[in-house]
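Trainee: Could you help me learn to read strands, helices and buried residues in a protein model?
Mentor: Happily! Let's have it in front of us.

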Amino acid sequence: AVAVVGTCAHDHLLDQWYWSVSLSTRAGFIELVYYTWIILQCFFLYASNIAGPFLTDRDTPPALLLRLFYFSFCQQPKPMAAARIWSIYSALHIRGATQAIRTCRAMLGTKTSFPGAISEYTEELKLDVPSEHAPAKCFRVMDFDGNIINKNIFPEKVDVEEQLHWYQTMSLLNHMDTLLYNAQRQGRISFYMTSYGEEATHLGSASVLDKDDVIYAQYRETGVLLYRGYTLQNAMDQCFSNVDDLGHGKQMPVHYGSKALNFHTISSPLGTQIPQASGAAYALKLQNKKNCVICYFGEGAASEGDAHAGFNFGATLECPVIFFCRNNGYAISTATQDQYRGDGIVSRAAGYGIDSIRVDGNDVFAVYLATKAARESAIANNRPVLIEAMTYRIGHHSTSDDSSTYRGNDEVSTFKQDTPIERFQKYLRNEGIWDDEKEQRLQEELYKQVRAAFAAAEKKKKPSLSLMFEEVYDMKPPRLEQQEQEMQAHLKKYPREYPTKEHAA
């Protein structure tokens with residue numbers, strides 16, 4: 001490479017060839033050849049003491065240029081790096097060593113060259129005050145009355161059939177939430193969490209994903225699973241922990257999971273899924289798969305240390321992962337004003353070098369477009385994207401919570417006037433797709449479906465007790481075998497003390 005440069009540069013053929021090839025070829029040539037050629041020239045000049053009078057022990061040509069090359073290649077976009085190297089080459093080749101050294105010093109003098117960060121120098125002493133910055137804008141497509149504000153950005157690929165599927169799934173989720181919440185209050189299931197007010201974040205994001213994309217959820221993303229093919233009966237069976245529960249009773253209600261649907265089983269501890277999602281995305285990258293991971297969490301979980309670890313791993317390892325934050329106003333009983341002082345969660349992305357967008361989480365079309373753009377960027381660029389979906393949790397945090405103790409009814413009533421379902425239904429009516437007759441027919445049908453699935457799940461037996469020790473390890477370790485033997489012996493000794501007949505054989 002050096003020999004070619006030496007021959008071409010002398011006759012000025014290098015420039016002619018350089019500008020005749022493609023941009024990618026130029027970039028590769030610059031990195032391979034110019035870098036080598038200039039360094040060799042600098043070492044030659046230094047060795048022959050041509051530039052001796054202009055140097056100190058600390059400012060040798062190799063030292064200056066190596067610092068500049070680190071700055072150019074490691075910290076700057078390639079076109080900028082190319083321009084800088086070409087200017088150094090020109091100064092060195094045409095005007096001599098003195099000018100080259102001055103060029104190096106000038107470039108290094110306008111910006112910092114520390115490995116930690118690159119920035120412009122300034123002589124103005126001023127603290128950066130976040131509150132003086134304008135808040136991030138919130139992307140939307142529909143207004144509160146269901147009108148499309150800018151039809152040029154409307155997702156044309158979302159046809160009427162898909163829109164009706166979204167609306168029906170949102171409505172189904174509401175019926176499920178109502179029945180199962182009341183069932184817990186009656187002692188028929190042990191626990192439940194509703195999704196009232198956050199349905200658009202489920203359907204808008206799920207409809208963008210490929211079947212081979214991997215999902216890590218928190219516990220308020222049931223609609224994502226329903227969209228991907230998890231049935232109403234699957235959900236009911238899981239909440240009752242019966243014999244047909246895919247997890248065989250190993251999880252609390254609403255802690256769903258489905259290997260077939262690439263939906264990792266939900267765990268109760270907040271934030272644990274965030275670093276796991278980055279790791280899974282890194283695995284997809286290493287396998288050269290054109291898929292991504294999406295990780296759902298609330299703004300409360302973003303305060304966990306796992307969130308920092310997950311964001312930083314995702315950014316530094318350049319993983320195709322979408323961090324989808326549902327900012328619903330409350331981390332159980334802790335309001336956002338007591339959680340953080342910055343501009344929500346989206347403002348944190350810049351600190352990690354993550355692309356980001358804030359979106360109206362009650363606008364299903366806005367969520368769809370934002371997630372679509374995030375997915376395309378994450379896969380094409382192998383870098384994370386953070387979505388902050390602004391919404392409101394209408395229901396209590398869970399059946400273990402009474403939200404009336406920390407927020408007023410007036411606040412909840414205000415947000416009930418603009419739920420994702422209400423706004424989406426207004427859009428459908430505006431377009432002539434929906435009317436009162438269709439609404440009544442849908443609600444009656446869903447009422448029957450949900451109660452039929454509930455009744456069927458409640459009648460089924462519990463999983464076999466032997467499954468308690470299965471499907472955790474690939475090979476059952478001796479200690480688990482011993483525990484299983486002890487349990488069987490205990491049940492045999494006290495058969496009347498345990499309702500074993502309620503379990504499958």
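Trainee: Which residue stands opposite I357 in β9?
Mentor: I387 is the residue of β9 that stands opposite I357. Please keep in mind that this is a predicted model. Strands β8 and β9 pair over six bridges, in the parallel sense.

Trainee: Where does that pair sit in the sheet order?
Mentor: Read the order strand by strand: β1-β8-β9-β5-β4-β2-β3, an open sheet of seven strands with parallel pairing. The edges are β1 (138–139) and β3 (263–264), each of which pairs on one side only. At the β1 edge, two bridges join β1 to β8, and F139 stands opposite V359 of β8. Elsewhere, β4 (residues 293–298) runs parallel to β5 (residues 321–327), with six bridges joining them; there, F297 has C325 as its bridge partner.

Trainee: Which helix packs on the sheet, touching β1, β4 and β5?
Mentor: That is α14 (residues 364–381), which also touches β8 (355–360) and β9 (385–390). Its direction makes about 170° with that of β8. Together, β8, α14 and β9 form a β-α-β unit.

Trainee: What is the handedness of that unit?
Mentor: The β8, α14, β9 unit is right-handed.

Trainee: Now for a single residue: is S398 buried or exposed?
Mentor: Burial is judged from relative accessibility, with a cut-off of under 20%. S398 counts as buried because its relative accessibility is 4%. You will find S398 in the loop between β9 and α15 (409–416).

Trainee: What is S398 in contact with, leaving aside its neighbours within four places in sequence?
Mentor: Those contacts are Y181, F191, Y192 and M193. In addition, the S398 side chain reaches the backbone nitrogen of S400 at 3.1 Å.

Trainee: And how many residues does helix α17 have?
Mentor: For a helix, look at its span, its ends and its buried side. Helix α17 (residues 436–459) has 24 residues, and from its first C-alpha to its last it reaches 35 Å, close to the 34 Å expected at 1.5 Å a residue. At the N-terminal end of α17, D435 acts as the cap, with a side-chain oxygen 3.2 Å from the backbone nitrogen of E437.

Trainee: Which residues of α17 are buried?
Mentor: They are E439, L442, L446, V450, A453, F454 and A457. The elements covering these buried residues include α7 (160–185), α10 (232–240) and α16 (420–430).

Key:
Residues numbered from 1 in each chain as written. Predicted model: local features only at pLDDT ≥ 70, side-chain atom pairs only at ≥ 80, totals over all residues. Heavy atoms only, no water. Pairing = 2+ DSSP bridges. Helix = DSSP H or I, 4+ residues; strand = E, 2+ residues; numbered from the N terminus. Contact = heavy atoms within 4.5 Å. Axes fitted to C-alpha atoms, helices over the stretch in contact; angles between N-to-C directions. Buried < 20%, exposed > 50% of the residue type's maximum accessible area, 1.4 Å probe, protein only. Polar contact = N/O pair within 3.5 Å; in protein donor to acceptor, adjacent residues only side chain to side chain. Expected span 1.5 Å × (residues − 1). Right-handed = clockwise from strand over helix to strand, strands pointing away.
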